[in-house]
Amino acid sequence: MIEIKNASKWYGEFQVLTNCTTNIQKGEVVVVCGPSGSGKSTLIKTVNALEPIQKGDIVVDGVSLTDPKTNLNKLRSRVGMVFQHFELFPHMSIEKNLAIAQMKVLGRSKDEAYTKGKKLLERVGLSAHAHKFPGQLSGGQQQRVAIARALAMDPIAMLFDEPTSALDPEMVNEVLDVMVQLANEGMTMMCVTHEMGFARKVASRVIFMDKGEIVEDCSKDEFFSNTENRSDRAKQFLSKIL
Ligand code: ADP
Ligand code: MG
């Protein structure tokens, strides 16, 4: 579903990604972890073409992101992204937040878009809040709305960039629960997170990044159980978070 082939990226002189290569199959849940500044957010944004790469290629569902003929807006509408900060439209009701891109980007009717939004709100346990505005919801609730909004576009894959790291601790699980449910339903997911409980529960694989490189790319069991085989950089990181 997602092929990252020798992807390199620079910000000016600074190389932020170096020869990153990995493949994510349909239905896989890949957790990306690593120290702050290691390039996790940048990598995940390149998959959605929010950031271009300068070398290598990224192919999503058979479509090359570096091919000038590729319609990147169309691609972006098919890959859901959830950020650390919820980025809901503050001046729109929750139901409108869920409907707007369905209507504007996918051309769905108002009826269809609101019906779909309603179903997804139910799924994330927020039906009672459809008429409220984002500012009236807790952080955990807003993040669940953000996930529902991404799902409303019927994405072929979902990207998460530290979706729980801006939340108060008591709200982390309500968001992780939605992500676990998605994973169990077979959604293809790439998740930057340090929630290793989540990784242990649902990850197919764990990628560890450091200084713009993919240093480890292995199965969850290999990553957590076979720790003596981990690189020094990964060991050091794990010793801090586990
Ligand atoms: P992570 O998500 O792992 O913390 P990022 O992908 O956000 O790392 O950043 C990787 C590196 O790239 C950091 O050193 C960061 O300062 C740098 N960086 C990120 N975005 C930009 C940008 N727009 N311009 C210049 N440097 C950037
Ligand atoms: Mg980041």
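## A tour of the predicted model

Begin with the whole protein in view: it has 242 residues, and since a compact globule of that length would have a radius of gyration near 18 Å, the 18 Å computed for this protein agrees with that expectation. Keep in mind throughout that you are looking at a predicted model. Turn the C-alpha trace along its principal axes, and you will find that it spans about 50 × 45 × 30 Å. Colour the model by secondary structure next, which comes to 9 helices and 10 strands. Of the 242 residues, 39% count as buried, and among contacts with a separation of 6 or more, 64% join residues that are 24 or more positions apart.

**Stop one: ligand 1.** Select ligand 1 and show the residues around it, which are Tyr11, Phe14, Val16, Gly34, Ser36, Gly37, Ser38, Gly39, Lys40, Ser41 and Thr42. Two or more residues of this shell come from each of β2 (14–24) and α1 (40–47), and α1 gives the largest share, with 3 residues. If you colour the shell by class, you should see 3 nonpolar, 7 polar and 1 charged residues.

**Stop two: helix α6.** Now select residues 169–184, which form helix α6; at 1.5 Å a residue its 16 residues should span 22 Å, and the end C-alpha atoms are 23 Å apart, which agrees. Within α6, highlight Val175, Leu176, Val178, Met179, Leu182 and Ala183, which are buried. Look down the axis of the helix, and these buried residues fall within an arc of 155°, so they line one face of α6. The general pattern behind such a view is that an α-helix has 3.6 residues a turn, so residues three or four places apart point the same way. On the other side of α6, select Glu170 and Asn184, both of which are exposed.

What covers the buried residues of α6? Show β3 (29–33), α5 (139–151), β7 (157–161), β8 (189–192) and α7 (196–202), which are included in that cover. Then move along the chain to glycine 186, which follows α6 and has a positive phi, near 95°.

**Stop three: aspartate 217.** Finally, select strand β10, residues 213–219, and pick out aspartate 217 within it. Is aspartate 217 buried or partly exposed? Because it has 18 C-beta neighbours inside 10 Å, aspartate 217 counts as partly exposed. Leaving out residues up to four places away in sequence, aspartate 217 touches Thr22, Arg205 and Ile207. To end the tour, draw a line from C-alpha to C-alpha between aspartate 217 and alanine 130, which are 87 residues apart in sequence and 40 Å apart in space.

Definitions and conventions
Residues numbered from 1 in each chain as written. Chains lettered and ligands numbered in written order. Predicted model: local features only at pLDDT ≥ 70, side-chain atom pairs only at ≥ 80, totals over all residues. Helix = DSSP H or I, 4+ residues; strand = E, 2+ residues; numbered from the N terminus. Buried ≥ 20, exposed ≤ 12 C-beta atoms within 10 Å, placed from the backbone. Contact = placed C-beta atoms within 7 Å. Near = placed C-beta within 6 Å. Nonpolar A, V, L, I, M, F, W, Y, C, P; charged D, E, K, R; others polar. Rg over C-alpha atoms; globule rule 2.2 N^0.38 Å. Expected span 1.5 Å × (residues − 1). Arc of directions from axis to C-beta.
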